[in-house]
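Dear colleague,

Please find below the structure I am handing over to you. My findings follow directly after it.

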Amino acid sequence: APFAEWLERVRAARAGGVRRPILIGGSVTQENVAQALAEADGAIVSTSLMQEGPGPLWCKDKVSAFMD
């Protein structure tokens, strides 16, 4: 789902009374992680950290930049 849709799902769950932790399960990037964590209790990040083309699955530089 697009990032905006994930945010809407979080808002709908909160409005519906969900009190358990809510995670955004996709479309989280280095550019939008702050917004994701402002709306949800956590985020699952994977695709935006993968290397393009052949090689190791995870890109060390993308992971390092994301964590900074």
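On the other side of helix 1 from its buried residues, Ala4 and Ala15 are exposed. This description concerns a predicted model. The residues of helix 1 that are buried are Phe3, Trp6, Leu7, Val10 and Ala13. Viewed down the axis of helix 1, these buried residues fall within an arc of 125°, so they line one face of the helix. The general background is that an α-helix has 3.6 residues a turn, so residues three or four places apart point the same way. The cover over the buried residues of helix 1 includes strand 1 (23–24) and helix 2 (33–39).

As to its geometry, helix 1 comprises 13 residues, numbered 3–15. From first C-alpha to last, helix 1 reaches 19 Å, close to the 18 Å expected at 1.5 Å a residue. Just after helix 1, Gly17 adopts a positive phi of about 95°.

Turning to the chain as a whole, three helices and two strands are present, and from the N terminus on these elements run α-β-α-β-α. The C-alpha trace spans about 45 × 25 × 20 Å along its principal axes. Of the 68 residues of the chain, 25% count as buried. Among contacts with a separation of 6 or more, 29% are accounted for by residues 24 or more positions apart.

Regarding the surface and charges, the chain exposes about 4800 Å², of which carbon and sulfur atoms supply 57%. The chain carries 7 positive and 8 negative charges, and the mean positions of the two sets are 9 Å apart.

With kind regards

Key:
Residues numbered from 1 in each chain as written. Predicted model: local features only at pLDDT ≥ 70, side-chain atom pairs only at ≥ 80, totals over all residues. Heavy atoms only, no water. Helix = DSSP H or I, 4+ residues; strand = E, 2+ residues; numbered from the N terminus. Expected span 1.5 Å × (residues − 1). Buried < 20%, exposed > 50% of the residue type's maximum accessible area, 1.4 Å probe, protein only. Arc of directions from axis to C-beta. Contact = heavy atoms within 4.5 Å. Areas by Shrake-Rupley, 256 points an atom, 1.4 Å probe, with all protein chains shown as cover. Lys, Arg positive; Asp, Glu negative; His and termini not counted. Charge placed at Lys NZ, Arg CZ, Asp CG, Glu CD.
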